[in-house]
Every structure is written in C-alpha cells, then in structure tokens.
Amino acid sequence: MNGEQLETKEKILNATIDIVGMKGEATIREITEKAGVNVASINYYFGNKNNLLKEVENYYAEKLLKSGYDILLDTTLTPQNRLFKWALNLIEYMYKYPALISIIVKLTHDDKSYNPVIIKKIYFNDEVQRIVENIIKDITKIEDSRILNFKYLQLFSGILGTVINHVVVSIYGDEKNILDLGDPEELRQYLVLLIESILR
C-alpha cells in the first residue's frame with residue numbers, strides 16, 4: 001500500500017471513530033463525507049462496514065498498545081511514575097475514544113464468535129502483564145507470583161473502574177452524588193492512591 005492509500009485508509013478509520021464516538025453508530029455515507037472519500041473506498045479498503053469496524057478496533061487497540069509499551073519501557077521515568085503514566089494513558093485513551101466500547105458491543109452482538117482485539121492486546125497481554133508485575137516486584141520486593149498476579153489485577157480493575165465510572169456518570173450521573181473522575185486533578189489523586197495501595 002502506498003502513502004496515499006495509507007492516508008485514505010487512516011482518514012476513513014479516524015472519521016469512523018469520530019462519528020461513532022459522537023452518535024454511537026455511523027452510516028457509510030456519514031463516514032465517507034467526513035473522511036472526504038467516495039463510497040467505493042469503503043469497499044476497496046475494507047470490503048464492508050463490519051470489516052471497517054473490526055479494523056477501527058484493531059487500529060486503535062494497536063495505537064493504545066504501542067503508547068503503553070513506550071511508557072512502561074521508558075527508563076527515564078521512575079518505576080512508580082511508569083505505572084502512573086501507563087494507567088493514566090489507558091484511562092485518557094478510553095475517555096478520548098469511548099466509541100471503542102460501542103464498537104466492541106456492536107461487533108460482539110452481531111457476531112458471537114468475535115473476540116475483541118483490544119481485550120487480547122491490552123487485557124490478556126502476557127508481555128504487558130509481565131512488565132507491570134516486574135515493576136511492582138522491583139518496588140515492593142514481593143517474590144510470590146500469585147500475589148503479583150493479584151496486584152496486577154487490582155491495578156487493571158482500578159483503571160477499568162474509572163472508565164466504567166466515566167461512562168455511567170456521562171449517561172446517568174448526578175454529579176452531586178458521584179465522584180467525577182473526568183476532572184484531571186481528581187483522576188490524578190485517585191491514581192496516586194490506587195498505585196500507592198498496590199505498592200504496599
């Protein structure tokens with residue numbers, strides 16, 4: 001694929017995530033108008049809309065995975081700061097692209113055998129888990145692999161909880177009764193507390 005074709009494909013992917021993020025759904029016409037391409041481009045690059053949604057999920061999961069690796073392997077950061085920035089990156093990414101959740105729900109609803117790429121690349125990623133557990137081990141000096149597994153699960157659950165909270169607050173929330181983790185300072189304090197509790 002040449003540079004122009006890659007650019008066209010990226011325009012389609014970006015237009016799709018933007019529209020789905022705003023509306024929860026997207027028509028082919030809306031996507032092509034926003035991307036500034038013709039309808040035939042969808043068929044040429046993706047075959048059909050379902051394949052396009054799968055490609056969108058894969059594309060954004062890959063971007064999230066790469067940005068996470070960059071943080072976890074950044075030796076200019078302290079180990080604790082790597083955990084903090086990695087967690088913050090995951091949360092901010094999901095806040096920025098809430099459409100990923102809608103796309104996953106649609107794809108799995110339409111095809112019961114579909115396994116979301118983002119789950120495989122982010123949650124069930126043995127290498128990411130190993131890196132995070134090694135950082136926790138270096139800080140806490142814990143050797144028990146079972147305890148390290150638990151701590152990884154606690155950290156990941158704490159990250160995922162903020163995304164669920166964000167979705168619930170945005171749809172049903174009474175801001176007087178629910179903590180708003182969309183506020184950057186509240187989110188920072190939450191993550192500091194979460195990571196400190198895991199590193200005990």
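Let's start where the two halves of the story meet: domain 1 and domain 2 bury about 690 Å² between them, with carbon and sulfur atoms giving 73% of that area. Buried area here is the accessible area (1.4 Å probe) that two parts lose on being put together, summed over both. On the domain 1 side, Leu13, Ile17 and Val20 lose the most area to domain 2, together making up 58% of what that side buries.

Keep in mind that this is a predicted model, where local features need pLDDT of at least 70 and side-chain atom pairs count only at pLDDT 80 or more, while totals for chains, interfaces and linings use all residues. Residues are numbered from 1 along each chain as its sequence is written, and side-chain values use heavy atoms, with hydrogens and water left out.

So where are these domains? Domain 1 covers 1-47 and domain 2 covers 57-199, with bounds that come from an automatic or database domain assignment. Their C-alpha centres lie 28 Å apart. Each domain brings 8 residues to the contact, meaning heavy atoms within 4.5 Å.

What holds polar company across this interface? The rule finds 2 residue pairs in polar contact, both at pLDDT 80 or more; such a contact is a pair of N or O atoms within 3.5 Å, and within protein one must be able to donate a hydrogen and the other to accept it, with residues adjacent in sequence counting only if both atoms are side-chain atoms. Salt bridges number 0 (a side-chain nitrogen of Lys or Arg within 4 Å of a carboxyl oxygen of Asp or Glu).
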